[in-house]
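Biologist: Please take one part of this model and go through it closely. I would like the strands, their partners and their side chains, and then whatever else helps to place them.

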Amino acid sequence: MQQETVVLIVGAGPAGLAISACLNLQNVPNIVLEKEDLSASLWKKRSYDRLKLHLTKQFCELPHMPFPQNEPTFVSKNGFIQYLDNYVSHFNVNPVYHRTVESASYDKRGGKWLVIVRNTLFNIVEKYEGKFLVVATGENSEGYIPNIPGLGSICGEVMHSSHYENGKAFDGKNVLVVGCGNSGMEIAYDLSNSGAQTSIVVRSPVHVLTKRMVQLGMVLLKFVTCELVDNIILTLSKLKYGNLSDYGLQRPNQGPFYLKNTTGRSPVIDVGTIKKIKAQEIKILPSIQKVNGDYIQFANGETKSFDAIVFATGYKSTVRKWLKDDGGLFNEEGMPKKRVPNHWKGENGLYCAGFSRGGLYGILTDAKSIALDICTVLGQQK
């Protein structure tokens, strides 16, 4: 089987859906290829129950469709899933599911991208051709668990945060969360609320803010410098939380919005975890040195045993596994070599979306830029 279209989009997460919607508005034929059996699988299959969007809804909209006015300022997981389903329906986005991309290469003679796909429903190989190729698998394609000596010897349960739903099954158990980003901190809070004896590994300095602080910062960035915004928000954070180094949490040297803009690292938006840390209901531990059966040795020399470990250690891009002829668009980690805002465009009609480390707002700007560029190229060729 072989199909031809103008634009091939790999990935039916928010980025792929947004690009397809923008192209549909301009009547540009496109096909969205998705390996799962539904769109937005990260949200629908691999996110914990209590998850909410960490930014206010106006910073989380996809192109051409605001959230309903009656939607809460901070949208719940289920609220966002409903928004995405409405988005797909409204813009007539029709992903082709159960399609795992095995390779994508550029045919210089024909001036087209050839994408080899495995239809996992029937275990057959299919071919798709398109003038343009958009990689929309994003930076969160596959859960990442670090290589820790002896991890395979552990007797308890080990999971990535993408498989964590809630803390009900961990009541009364001794659980270690590895990773102190937003997911790690919120999962630790959820586990503690569910009756688990909870500890969390903190390996790096981290900014801790409230949702309202982040909201204020996002608004101020429209009017004043990032340095001034960081100074204001850090002052508010210190007034709210005090000196968190007394509890094992160090603040980075650079400000939260500077770090977000330059490295993609987000501040932790506190949901109540800090109060539990201060009350010793959640214990802070340093990095893991090694695992030996039931026992885990930490960098401070302590050895402890746990019934379960949840790795909230982030995700990684998988684009290097299947994309050929990328023309230097991606580095070895599968992330764009160019810095934002020039990261989204490669050579020969190749684009990437959802790789800006800017969350949903970054997806919005990526999708608009890519759709406009494709329409401009097509207009020039008429």
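Modeller: What follows is a close look at one strand and its two hairpins, and then at other parts of the chain.

This is a predicted model. Start with strand β14, residues 295-298. Its side chains alternate. I296 and F298 point to one face and are buried. Y295 and Q297 point to the other face and are not buried. In a regular strand, side chains alternate between the two faces of the sheet.

Now the partners. On one side, β14 pairs with strand β13, residues 288-292, in the antiparallel sense. Four bridges join β13 and β14. Within this pairing, V291 has I296 as its bridge partner. The connection is a hairpin with two residues between the strands. G293 sits in that turn and has a positive phi of about 65°.

β14 also pairs with strand β15, residues 303-305. This pairing is antiparallel too, over three bridges. Here I296 stands opposite K304. So which residues face I296 in the two pairings? They are V291 in β13 and K304 in β15. The β14-β15 connection is again a hairpin, with four residues between the strands. Its turn holds G301, with a positive phi of about 95°.

Next, a parallel pairing. Strand β1 covers residues 2-10 and pairs with β2 in the parallel sense over four bridges. I9 stands opposite V32 in β2. Helix α1, residues 14-25, completes a right-handed β-α-β unit with β1 and β2. Strand β2 runs over residues 30-33. N30 and V32 point one way from β2, I31 and L33 the other way. All four are buried. In β14, by contrast, Y295 and Q297 are not buried.

Strand β9, residues 197-201, holds T198. T198 counts as buried because its relative accessible area is 2%, under the 20% cut-off. A polar atom of the T198 side chain lies 3.2 Å from the backbone oxygen of A196.

Now the charged pairs. The whole structure has 14 salt bridges. One of them joins K45 and E36, with the closest N and O atoms 3.3 Å apart. K45 is partly exposed at 41% relative accessible area. E36 is partly exposed as well, at 21%. D85 and K44 form another salt bridge, with closest N and O atoms 2.8 Å apart. D85 lies in helix α3 (residues 77-90) and K44 in helix α2 (residues 41-45), so this pair ties together parts 41 residues apart in sequence. D85 is partly exposed at 32%, and K44 is partly exposed at 24%.

A further salt bridge links D326 and R320, at 3.3 Å from N to O. D326 is buried at 13% relative accessibility, whereas R320 is partly exposed at 36%. Salt bridges with shared partners also join E36, D37 and K45 into one network.

Last, the surface. A nonpolar patch of about 680 Å² is made by L216, V219, F223, V224, L228, I232, L236 and L239. Helices α5 (211-220) and α6 (226-241) are the elements that give two or more residues to this patch. α6 gives the most, with four residues. L228 belongs to α6 and is partly exposed, with a relative accessible area of 39%.

How values were computed
Residues are numbered from 1 along each chain as its sequence is written. This is a predicted model: local features need pLDDT of at least 70, side-chain atom pairs count only at pLDDT 80 or more; totals for chains, interfaces and linings use all residues. Side-chain values use heavy atoms; hydrogens and water are left out. Buried means under 20% relative accessible area, exposed over 50%, partly exposed in between (1.4 Å probe, protein chains only). Two strands pair if DSSP finds at least two bridges between them. A crossover is right-handed if, with the strands pointing away from the viewer, the path from the first strand over the helix to the second runs clockwise. Patches are made of residues with over 30% relative accessible area and no salt bridge: like charges are joined within 9 Å, nonpolar side chains (Val, Leu, Ile, Met, Phe, Trp, Tyr) within 5 Å. Accessible areas come from the Shrake-Rupley method with a 1.4 Å probe; for residues, only the protein chains shown count as cover. A salt bridge is a side-chain nitrogen of Lys or Arg within 4 Å of a carboxyl oxygen of Asp or Glu. A polar contact is a pair of N or O atoms within 3.5 Å; within protein, one must be able to donate a hydrogen and the other to accept it, and residues adjacent in sequence count only if both atoms are side-chain atoms.
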